[in-house]
Amino acid sequence: MSSFRKALKSKQRDHKERSQPGFRKHLGLLEKKKDYKLRADDYHRKQKTLNALRKKAMDKNPDEFYFKMIRSQLQDGVHVIKEKQEEMTEEQKKIMRTQDIRYVEMKRVAEAKKIERLKSELHLLDADGKQQNKHTFFVDTKKEVEDFDLATHLNTVPELVDRAYNRPTLDTLVKKSVQGAVAPRKIKRLAKKRRLQYDELCQRIDREKKMFVITQKIQTRKDLQDKNKKVKVRKETATAPAVYKFEAKRKR
């Protein structure tokens, strides 16, 4: 059907607009419809712009402020943002980031040394003095299981069975005198002090890990300043820096 309509249009007569009559030649060329369409579109476009500007002026807040009001200037009737002068060169920025890395790395090494010192003092023992793991003893007969006594098997007194450390035998208690805290109140105070030291150790280990992540992120941002082509492999997270794959470039 569409091909038949096209065939009919091909045989249609071209309707041409008349030209300017002879007695009106002094008025110039007669405006055709296509000329009127261009003039009308241009007029309506300008009217829409004027209406929009008029509405914007009516709705304007007199206290309104944008930084572009002071950071732009008029050039050839067009607002152009002023070029900001570079406060530091790229080389200076790299040096600054290097200094940041050195400072964070220095603080991380200091934390690592404090962690090692705390570990050497605490020996990674439980703060309450109670065993967290289990110790299984094997015997041969059921009678031995029924008559099994833990204090006798460990050769110590029943009061020291629950200790994970500093559990002397009966021979040691007979031959040597007891050294250190004996009173329950003092033992409780020492246990509380040891528990606080363990809390400090956990906090320092967590801080050291965070500083290591910060160092990696600063180093990644420093590497991104190079103009080599790169592709992001993995996004940055709270516990790990972003991973980029750089194009191999031959060094002279």
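**View 1. The largest nonpolar core of this predicted model brings together five side chains.** Look here for Ile115, Leu118, Leu122, Tyr198 and Leu201, which together make up the 5 residues of the core. Two elements give two or more residues each: helix H4, covering residues 90-122, and helix H8, covering residues 184-223. Helix H4 gives the most to this core, with 3 residues.

**View 2. Here is Leu118, a member of that core, with the residues it touches.** Leaving aside residues up to four places away in sequence, which residues does Leu118 touch? They are Glu200, Leu201 and Arg204. Leu201 may look familiar, as Leu201 is also part of the largest nonpolar core. Glu200 and Arg204 will return in View 5, where salt bridges link them into a network.

**View 3. Arg39 and Glu31 form a salt bridge.** To find this pair, look for the closest N and O atoms, which are 2.9 Å apart. Are these two residues buried, exposed or something in between? Arg39 counts as partly exposed because its relative accessibility is 49%. Glu31 has a relative accessible area of 39%, so Glu31 is partly exposed too. This salt bridge is one of 13 that the structure holds.

**View 4. Within helix H2, Asp42 pairs with Arg45 in a salt bridge.** The closest N and O atoms of Asp42 and Arg45 are 3.0 Å apart. Both residues lie in helix H2, which spans residues 33-58. Try counting along the helix from Asp42 to Arg45: they are 3 residues apart, about one turn. Asp42 has a relative accessibility of 27%, so Asp42 counts as partly exposed.

**View 5. Helix H4 holds another salt bridge, between Glu105 and Arg108.** Their side chains meet with an N to O distance of 2.6 Å. How many residues apart are Glu105 and Arg108 in helix H4? They are 3 residues apart, so about one helical turn separates them. The two partners fall into separate accessibility classes: Glu105, at 26% relative accessibility, counts as partly exposed, while Arg108, at 16%, counts as buried. Arg108 is classed as buried because the cut-off for that class is under 20% relative accessible area. Now look for a network: salt bridges that share partners join Glu111, Glu200, Arg204 and Arg207. Two members of this network, Glu200 and Arg204, are the ones you met in View 2 as residues touched by Leu118.

Note on methods
Residues numbered from 1 in each chain as written. Predicted model: local features only at pLDDT ≥ 70, side-chain atom pairs only at ≥ 80, totals over all residues. Heavy atoms only, no water. Core = buried A, V, L, I, M, F, W, Y, C linked by side-chain atoms within 4.5 Å. Buried < 20%, exposed > 50% of the residue type's maximum accessible area, 1.4 Å probe, protein only. Helix = DSSP H or I, 4+ residues; strand = E, 2+ residues; numbered from the N terminus. Contact = heavy atoms within 4.5 Å. Salt bridge = Lys/Arg side-chain N within 4 Å of Asp/Glu carboxyl O.
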